[in-house]
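Biologist: I should like to look closely at a single part of this protein and at the setting in which it lies. May I ask for one connected account?

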Amino acid sequence: MFNLSGLGLGYAVLRRWPQAALCWVATGWLLVAALPAEPDGLPDGAVWAYVLVLVSAAGHGAWLARRTRLSLPWRSTVAAGVGLVLLVMPAGGAMGYEAAREEAYQQMLLDRLATTDRLVTTASQRGGFAKGRRDYEQALKAYRALGDEHPGSRAAQRIPDRLDRFYDTVSAPYREKEYCEALAPLRYLWKLPDTMGDKRLGALADWPEKPLATSLYECGITNLGSNAVTEADANGGALADLLRTFPDSAQAAKVEPAVSAEIAQRSKALKGEDPCPASEELRAISRTMVDLPAGSPGDGLRSDAVDAVESGAYACGVDEFEDAKFGAAAKTLGDFADKYQDNKNAKRARQIAIAAEIAEERPEAGRRLPPARGPGGARMSMEISNDAPTAVEFLYTGPVTGSVYLPACADCTEYSSESNAESAACSNSGIDYPTNYLNLPAGKYHTLIKYADEDAEDVTNKADGMSIEPGYTYTNCTYVVSQGGYPGYPDLPIEPLEPVRALSNGASDADVTTYHLVK
């Protein structure tokens, strides 16, 4: 029994010191292997080996004791009592070691928890949720593992507090009122119950709903009218996402009045000095409204936005003309007239677009907006014929504004020189020249003759002016003169020749004007 203490005391009583030393070595080896205590404890092999040593020492000691007379007068009952007391030593050591091992185990889990906390902190410092998301997900897996695999540990008891901190860290942009930046992290937190489960998250499972709805509303309204590409554009825009995801929320109820106010504000700005920025913002708002779910309030807001865009396009085009941005005005108002043919301003837009196109080549035509209505009184007839293999369009602005289209002349060819054209243009009785007619009030006009065929890109447009006087009729002829370069040299650009005015066969009531295009 003395040898079961692990100190070899039975051998010491029998004065068998070598055997006692072996017990001391075995116990020392066990202490070296066991201390300091590790969370996983001693290997099973080491424990069973030591137990075998103790049992062997006890059996061997008992065998020796029966053949050896003790030098001390030990009574058997006393010896047995002392032996039982000595057994407390290994038992107490085992209990103390188990306590130390448990503490090491708990400390290991706490260290793992601290490492996970640092991972969350690192993620928050990476400059945005997208860059830190991987670290956040690793931290969340670590928290979940601690709670699920070690439910009774001190670390597991701290998991609820750590999840609170995790939510606070991830949703930091929301607390800082960076609502667009908060969308991605809040969507992530909102979806966590799908992977973490409601039981693990508790009250946190439902917490992201209100912050996410608030962020969707605030971000959507803030970016309304902006072309900025942000997280708000996910799923068709923040406002569309709000109405789809939280249709019954207080934030969704605010969408209609807020958007209507934004449309009204920009519509009012269309009457100001610079309507084009407001028009562009209205187009951006309209693009956002396209993505709103069907029904209320989406249908009404879409209609309001479309109407505002229509008004904005016209206001912007007129402003571009007044600012001498004739090319932009011609495109803006031309597109308006084509797209909104039923609009009350469609005809007026077409007039200004024509004047702008002329003014782009002849700035004098853009000094003022063309008259909306022509003057009363007599009008003079003008016949326009086309002696060119290229279709042409005759644009004019003055007391009245408009255009006529002349198709290509199938039997006509280009003239080799100006002198040939002057004597022969529109005079061949065997050719049926494409012809159109105008009735124009007297006054000064600005004109533009331009090619209308896609394959006539090498023909130069011609802008000029003309005067219509009372009591006359007018005939115009358009033709093309081909101008080549010098032999051995590349073709050189040649300025268009001036229009030629001539009398018509001695008729006092006719004024003949020929126009040509240079190729």
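Leaving aside its neighbours within four places in sequence, with which residues is methionine 289 in contact?

Modeller: The model shown is a predicted one. In it, once neighbours within four places in sequence are set aside, methionine 289 is in contact with Leu224, Leu239, Val259, Leu301, Arg302 and Ala305. Met289 also has a place in a wider assembly: the largest nonpolar core comprises 80 residues, and Met289 is listed with Phe166, Leu192 and Val259 as having the most contacts inside it. Helix α17, which spans residues 298-322, supplies nine residues, the largest share of this core. Domain 2 (207-320) and domain 3 (324-370) each contribute at least three residues to the core. As a general point, nonpolar side chains in soluble globular proteins tend to be buried together.

A second core, separate from the one just described, has 16 residues, among them Ile384, Val400, Val404 and Tyr474.

To complete the setting, one may turn to a sheet. Four strands form an open sheet with antiparallel pairing, in the order β3-β2-β5-β6. Its edges are β3 (401-406) and β6 (462-468), each of which pairs on one side only. On average, neighbouring strands of the sheet are turned by 20° against each other, direction ignored. Within the sheet, β2 (residues 392-397) pairs with β5 (residues 443-451) in the antiparallel sense over six bridges; phenylalanine 394 has isoleucine 449 in β5 as its bridge partner. Helix α19, residues 346-361, packs on this sheet and touches β2, β3, β5 and β6, while its direction makes about 100° with that of β2.

Conventions. Residues numbered from 1 in each chain as written. Predicted model: local features only at pLDDT ≥ 70, side-chain atom pairs only at ≥ 80, totals over all residues. Heavy atoms only, no water. Pairing = 2+ DSSP bridges. Helix = DSSP H or I, 4+ residues; strand = E, 2+ residues; numbered from the N terminus. Axes fitted to C-alpha atoms, helices over the stretch in contact; angles between N-to-C directions. Contact = heavy atoms within 4.5 Å. Core = buried A, V, L, I, M, F, W, Y, C linked by side-chain atoms within 4.5 Å. Buried < 20%, exposed > 50% of the residue type's maximum accessible area, 1.4 Å probe, protein only. Domains from an automatic or database assignment.
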